[in-house]
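The following note sets out points for a colleague who is reading the structure alongside its sequence. Each numbered point takes up one topic.

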Amino acid sequence: VPVIGISANLDQMLNMQAVEKLGAGICLRPADARGAKMSTAMRKLLDTPSYAETARRTATIISGYDFKQRFSNVVGEILR
């Protein structure tokens, strides 16, 4: 499902920038998460089929990931 992410801190912003780059969502700052900017973002997600298509494609790809193993590998690399 495509998302509108309301990014209040840096890690949220970085994650949502990646989602935007993929084309699976839109990032808004908290101050923009109301009124016309929120309405425009919602309408864009609903009216642009590629957002849902990209979200579905991405979900299919990551559903095969072994996140526990990937995390363990990253931590192992850091600790070397």
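**Notes on the predicted model**

1. *Surface patch.* Ile 61, Ile 62, Tyr 65 and Phe 67 make up a nonpolar patch on the surface, and together they present about 380 Å² of accessible area. The model under review is a predicted one, and the patch should be read as a feature of that prediction. One of its members, Ile 62, belongs to helix H3, which covers residues 49–63. Ile 62 has a relative accessibility of 36% and therefore counts as partly exposed, since that class lies between the 20% and 50% limits.

2. *Aromatic pair within the patch.* Two of the patch residues, Tyr 65 and Phe 67, also deserve attention for their rings. The count of aromatic pairs comes to one. In this pair the ring centres of Tyr 65 and Phe 67 are 5.7 Å apart and the planes stand at 65°, so the arrangement is edge-to-face; the cut-off for that class is an angle over 60 degrees. Tyr 65 has a relative accessible area of 34% and is accordingly partly exposed.

3. *A charge over the ring.* Tyr 65 has a further partner in Arg 70, which lies over the face of the ring at 4.0 Å from its centre. Tyr 65 thus takes part in the patch, in the edge-to-face pair with Phe 67 and in the contact with Arg 70.

4. *Nonpolar core.* Which residues form the largest nonpolar core? There are six: Ile 26, Leu 28, Met 38, Ala 41, Leu 45 and Tyr 51. Strand E2 (25–28) and helix H2 (35–47) are the elements that give two or more residues to this core. H2 supplies the largest share, namely three residues. As general background, nonpolar side chains in soluble globular proteins tend to be buried together.

5. *Salt bridges.* How many salt bridges does a search of the whole structure find? The search finds three. In one of them, the side chains of Asp 32 and Lys 37 meet at 3.4 Å, N to O. Asp 32 is partly exposed, because its relative accessibility is 23%.

6. *The bridge in helix H2.* Arg 43 and Asp 47 form a salt bridge whose closest N and O atoms are 3.2 Å apart. The two residues are four apart in helix H2, so about one helical turn separates them. Arg 43 is partly exposed, with a relative accessible area of 46%. Helix H2 therefore carries this bridge and also gives three residues to the core described above.

7. *The bridge between Glu 77 and Arg 80.* In the salt bridge of Arg 80 with Glu 77, the closest N and O atoms are 3.3 Å apart. Is Arg 80 buried or exposed? Its relative accessibility is 76%, so Arg 80 counts as exposed. Glu 77 is partly exposed, with a relative accessible area of 49%.

8. *Contacts between positions separated in sequence.* Gly 25 lies in strand E2 and is buried, its relative accessible area being 3%. The C-alpha atoms of Gly 25 and Ile 4 are 5.6 Å apart in space, while the two residues are 21 apart in sequence. Ala 33 is located in the loop between E2 and H2 and is partly exposed, with a relative accessible area of 21%. Ala 33 and Ile 6 are 27 residues apart in sequence, and their C-alpha atoms are 6.7 Å apart.

Notes: Residues are numbered from 1 along each chain as its sequence is written. This is a predicted model: local features need pLDDT of at least 70, side-chain atom pairs count only at pLDDT 80 or more; totals for chains, interfaces and linings use all residues. Side-chain values use heavy atoms; hydrogens and water are left out. Patches are made of residues with over 30% relative accessible area and no salt bridge: like charges are joined within 9 Å, nonpolar side chains (Val, Leu, Ile, Met, Phe, Trp, Tyr) within 5 Å. Accessible areas come from the Shrake-Rupley method with a 1.4 Å probe; for residues, only the protein chains shown count as cover. A salt bridge is a side-chain nitrogen of Lys or Arg within 4 Å of a carboxyl oxygen of Asp or Glu. Buried means under 20% relative accessible area, exposed over 50%, partly exposed in between (1.4 Å probe, protein chains only). Rings of Phe, Tyr and Trp (its six-membered ring) pair if their centres lie within 6.5 Å; planes under 30 degrees apart count as stacked, over 60 as edge-to-face and the rest as tilted. A charge sits over a ring if NZ of Lys or CZ of Arg is within 6 Å of the ring centre and within 35 degrees of the ring normal. A nonpolar core is a set of buried Ala, Val, Leu, Ile, Met, Phe, Trp, Tyr and Cys residues joined through side-chain atoms within 4.5 Å.
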